[in-house]
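Q: I would like a close look at one part of this model. Please start there, then place it in the wider fold.

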Amino acid sequence: MRNILRTLFFKHSDMDNLQNITHSITIHFVNKGIRPKSFDLQTHNLTCEQVLRLCIDHVCDALKIVPEKCKAPKFLPLFGLVTLPEETIWLPRNHTFEPYSNSQRNYKFKIRFRPPPDYVSQLKTDTGSNVMWEYLFLQIHNDFLTGTLVESKKLDTKNVFTLLTYALLMPKDLPYDSSLKVNEKYRERQIGFIRFITFFSKSLRSRLISTNLIDHYWLREGLKENTKIMKSKNENLRHFKKKFYKTILDAEPNYGSEQYAEVLVGKDNEEVTVTIGYYGEHQQPALYFGEELQFILSGILYIELQLPKNSQKKLWTVMIQLKDEKSYKIQFKKECAAKSFLSMLQGYYSLYVKYDKHLIADIQTIGSKLSSELYSFGPLKYLTAVKYLKESQSPTDPENKSFLIHESFTDFDKYVVISSSRKSKDSKDITVETFNITVDDGQMFTLNNSCQKKMSASEVRVYLKKEFGDQLHPRNYSHVSELEHIFKTEASDYYKENSKETENYSNGKIFLPDELDNRRHHIQDKNLYLKKYEVSFNGVKMMLVELQQDSGKYAEAFRSSLSDLMKLHKVRPSSFFKFYGMVVDRKLGALMEYSDSDLMTYICKNPQSIPQKVDIMEQIIKILSVMEDHSLFHGNIRLRRFAVFKGNNHINIKLGDAGVVSYLNTEDKFQADNNERLPWLSPERRKKLSHVTYESECYAVGTTLCEILHRNDNFAEILKLSDPRELWQYFDSNPFLPKPDFRFENHHHNKRNPNCLKCKGEKVLDEVFNSIIMWCWKTDPIERPTAVDLKKKFSEIKLMAEELDRDTVFEGLKEVVYEAGFKDELDILDESKLTKAALENILMKKVGQKFLPDSCVTVKSKELGRGYFGVVWEGLIREPNRNLNHKGKQEHWKKVAVKKFRCNHKHSDKKVVISSEGSFVKEVMLACSLNHSNIVRCLHFAFDQTDSDFSNVLLIMEFMDAGNLCSYAERNRNDLSQQHMNRLLIIYHPLMYKLPSQGMVYLSGKDIVHRDLAARNILLAKLEGNEIVGKISDFGLARRMEENYRFYRNKAHTAIPFAWMPPECLDRRSDDNRFTSKGDVWSFGTVMWEAFSKGKNPRKMMQIIDTNEMEGNLLKEYKRGWRLGQEEDVPDDIYFVMTQCWEFEHEKRPAFVELVQTLKGLLNFKQ
C-alpha cells in the first residue's frame, strides 16, 4: 500500500525517470570528482567498446585534458567496465547493452590492464595529456583510501603512513595538476578533526589506530609533520604521484589481477583459483592455478568457448590449446564469468604478446574486425610508420612502392594510410603521402583523398595496392601499436623449450680435423655447393658439411645460415638442427647432428600412408609457427632442407641450415640455381630475393607440402619443361603449380559407397591441396594464412586422416582374421558389433596368447638387422591382461625383437612382391607354433598399419643379445689364422654341430623348409659362463612342404636371396623349379663358408659374374662347376664338407642326418 501511495504522489516527470532507469545503464568512476554517466538505450543499443570511448571523453572533460592530446585510441585497450557492487565480472569489449534486458545496470569504469611500474617511472613532464596515467593514479588512490589495497599484509605500517601522507598531499578538487610545486606555498587538503575520523576506510583506520580519539589526534599531528618534510623537498606533485604508485606496486606487484574460482576439467575435476601473474626475468604474463605456474600466455595457440551441452546443468567450458600440444579445460557456472575470463586473456595477450592477434572470435569487437579486414596496424606515431616504410624499400628496385594502414592516434573510427616511393632512381630518400579513411556505419569506408568513394574493406585494399604497391602486414613487425612499447620487452626466447642435451656446443666450438675419426662416409645430397659426410667425434656420430666453393661470399653466406640456425635451435631444439661448431681445414666445414636422410630422399624411398603424410605436413606447419612467433626466418624452406630422425613407430623432422641462399639472393634472379628454386619463391620475393618475410616462408611451405604430394621436387620435370629457365615463363602465365593426381591405381570413385577407404584417402589429400596449399599460395601476401590459421585448419584435416587410419586398421585387421581362416567367426557377428576390439577378441580366442593387440606392443627406433624380406627392430611387449597402473612402467614390459615384412621389395630395378597376405598370415601363425631350443622362438604376432612399405602383420620373436653368426665371424676375424684354427673349431662346434642336428632336423621332421638359411639368420645368445648358443631365425620364406609332393614349388614372382639358393631354384622358367630340404643343405654349405671366411659376403664373391640377369648367369656358372672358393686358413676337410653340400644334383647332397654325423666326427677330431 505504501508503494502504491508513493507512486500516486510522484510527479509525471518522476514517473518518466523511473521508466527510463530500466532502459539505461549507469557508469561510475573511481573518483567522486567525476560524476556518474548514464546512457539511454531506448534509441539504439550500445557496445561496451562504444561506452568505453564515451567514458574516456567524459574523463578527459573532468580532468581538463584536451581531447586532441589525450591519445584515447592508443590507451583504449587498457580500460574496461566491471560490474558493481562486487567488481569481479568484467564485460568483454564486444558486449552489447540491450534496453529490455534484466541484466546488470551499474558498472564502474576502471583501468583493467595497468602498465609495468618501469613505464610510470619513465613518464615525461607532459603527464597532464596522458589520460591513462592520470586515471590510473586516481584508481590506485581510491583503492588505497577505501581499504582495498590496505588489506595486503605486504604493506607494513610505515608504508601505510607514508602513502597516507602522499594521499593527503593531493588537492581537494580535480584535476591533480602534476606540474604544481609542492612547497611552503602549496595548500594541501585540509581535513578537520571530526572529518578526519571518517575520511579513511575502516580497514585503513585499523592499521594505524587502536584508541579512537587519542590515536586520531596523534595520527593527524604526525601527518602534518610528515607533510612539512615533503614540502621542504620542493618537488612537483608528479614526483609524489609516482612515489605513491611505486610504493604500492613494490609491495603488491599483482595489484589489479583478477581471480576466478572455477573447475579444472580433468581426472579429479578439482576446483582451482585461476589468475594471471608475471613470470621470469622479463615479467611475462602467465596463467597460474593458485600459486602454481601453468603456462606463459605467449604459449597459447588458440582458445575456444564451448557452450553448455546439458540444459539441466549449464556449464560454459573454456578450452585453451597450447603450442606444445597441451590443453586445459576450465568450466564456468556462469557465461558472464567465462567471457570475463576470456577477455582478460585476450587483453594480456594483445598487450604483451601480439596486439593484432585474436585468440577467440567470440569476443572480437567490431573495431578489431575492421582492423583485421584492412590488415591495419594499431595506433602508430607518424615517425614509426615512416620508419617501417623505409625499411621495406628495396635498394635495387627504384620503382618499389609500399604502404601501410594504421589506426588513428587521436580519433576513433578513423584510419591513416601512409604510402612511400623513391623520389628518383638514384635517390635514397622517399616521398611520403598521407590521407585518412573514415568508417561509415561500421561496414563501409570512405577514402579522404582524391578518390572520395565509399568502399568495402577488400575494395579499399585492392584500390590501395593498385595505387601504392605492396601493403605492409602488421604480423611482420614486433610492435603493431605504440601501446606495445609500454608492455613488451625485448625477450626473444620467452617461449624457449628446455633442452636436455648433455653437452653444450651452442656457441659454435672450433674443431680440428685430427679430432675427428679418419673414416668419412659420403652422404648423398643434390646440393652442389655443399658436401656431407658421416664422421664421429668422441664416439658421437655427427654430420660434417663442407663448403665446396672457395669464394669468400659463399663462406660468408654459409656462416650466416649457421648463425640463423643457432638462433632457431635455441628457440626450439626439437624442431631445428643442432650445430656443434666449425671445422678448421682446407675447406670450410661445419659439424651438425647426424641424420640418415633428408626428407625428400626419405619420402621417395619409403612410401607413406596418408596419415603419415599428414603427420609430416603437420610437423612442417609447427616449425613455421615457431619461426612466426619469434620472427626468425629461414629463406630456403623445402623438403631437402629437412632431416629425418626415426622414432618409435614415427618419424620426427628437423629443419637444417639454409645453405648459401643469402649469396644466391644477391645474384641475378635468372641465375641457374635461382631458376631451380623458383617454385619456392613467392611472387613478391621473385622481385626482391633477399626480402624474406613470414608471408614468403608461408608460400614456400605451400610448395614444400606440394613436394610431399608429388614425391618429387623437380618441378621442371613435372611440368615437362626442357630447361629450368622456362619456369619463369610458366609462372608468368600460371600463378600456381599443377595439382597432383591423387587417384589410386585401378580405382574409380564409388558414389554408392562413401566409406570406401580410397575415396576417403583422396578426399584428405584434396583437402590438403585446396584448403592448405592453395591458401599458402595466395598471390597477395597478406591474404596468406597465419600459422595459427594453418594449425586450426590442419587440425580438421588431421581428424579426417585419423578417421581414415582407424578405418584402415579395422579393414586390415578384418582381412587378417579372414585370411587366418576364421571367416565363420566373422559371419556370426552382427555388423553393428563388428569393432576393432571384437576382431582382436576373435584372434585371441582362436590362437590364445599368440596374438597380441597393438596396445601391448611398442616398436622402438633401434634397428637390429635387415634382410631381403624384412627389417628387425627392438621392441617391448606386455601381457594383454596386465592392468597397468602407471603406463610404461619398465617392469611390465619385456624386450623382444619385432620383424616387419616388406610388402614391396625392389631388386635389380624390378618390382617384386612377397606371397599373398593370406598365406603369409598362416605362415606367421605356423612360426608361432614352433618350439625348439635351437630355433628362435616366435612368441606372438600382432597387427600394425603404421608403414605402408611393410606388411600389416608383425612377428614378435625372442631377443637374441649376441648378434648373428656373420657379425660374430667379423668380430673374431683376428683369431681366424691357421694357428688358431683349433680354437675356431671349438668356438663353432655348437654352431655347426648342435644347430643343424637339433634345429634343422626338427624343421625337417615338421615338413618345413627354411629357404633363407644364411649366417645372418643364425642368431646368437650368451648363456651363463659366456657359452654361446646359436638359433635359426627368419622364417621370411619358410614354407610347409606340400604333403603330396614333399617339395615346394618356387613361384615365379617371389624375390629370393639368390646367392644362398640352390641351382634348382634359380631357373624360374623351368617346370622343375622346386625347393626341398636338400635345398637347405646347399644353403647350409654357404653358411659354413661365411663362418670360416671371416664373415665375408658370398654375393661379393659373385661380382665376377655378369650382374645382368644374375640368377640365369649364376645358374650357368654352377653348371660349369663354379663354386665359392676355399679361403685362406680353411682346412681341406672343412671345405670338402662344403662342396658336398654344393652338389649340383640335389639327390647327391647329404641329408641333414648324415651331415650331422660327418660334422660331429670331424669337429670332435679337431678338438
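Which helices are included in what covers the buried residues of α26?

A: This is a predicted model: local features need pLDDT of at least 70, side-chain atom pairs count only at pLDDT 80 or more, and totals for chains, interfaces and linings use all residues. Residues are numbered from 1 along each chain as its sequence is written, and side-chain values use heavy atoms, with hydrogens and water left out.

The cover of the buried residues includes α22 (672–676), α23 (683–687), α24 (694–710) and α25 (715–718). Contact here means heavy atoms within 4.5 Å. Helices (H or I, at least four residues) and strands (E, at least two) are DSSP runs, numbered from the N terminus.

Now α26 itself. The helix spans residues 726–733, and its buried residues are Leu 727, Trp 728, Tyr 730 and Phe 731. They lie on the same side of α26, because they cover an arc of only 160° around the axis. That arc is taken from the directions from the helix axis to the C-beta atoms. Gln 729, Asp 732 and Ser 733 are exposed, on the face turned away from the buried side. Buried means under 20% relative accessible area, exposed over 50%, and partly exposed in between (1.4 Å probe, protein chains only).

Next, the wider fold. The protein has 38 helices and 42 strands. Of its 1167 residues, 54% are buried. Among contacts between residues at least 6 apart in sequence, 64% join residues at least 24 apart.

One sheet shows how helices and strands pack elsewhere. Its six strands run in the order β20-β19-β18-β17-β16-β21, as an open sheet with mixed pairing. β20 (454–455) and β21 (470–471) are at the edges with a single partner strand each, so one side of each has no neighbour in the sheet. Two strands pair if DSSP finds at least two bridges between them. β19 (residues 444–447) and β20 run antiparallel, joined by two bridges. Phe 445 stands opposite Met 455 in β20.

Two helices pack on this sheet. α15 (residues 382–392) touches β16 (401–407), β17 (414–422) and β18 (430–440), and its direction makes about 150° with that of β16. α16 (residues 457–468) touches β16, β17, β18, β19, β20 and β21, at about 145° to the direction of β16. Axes are lines fitted to C-alpha atoms, for helices over the stretch in contact, and angles run from 0 to 180 degrees between N-to-C directions.
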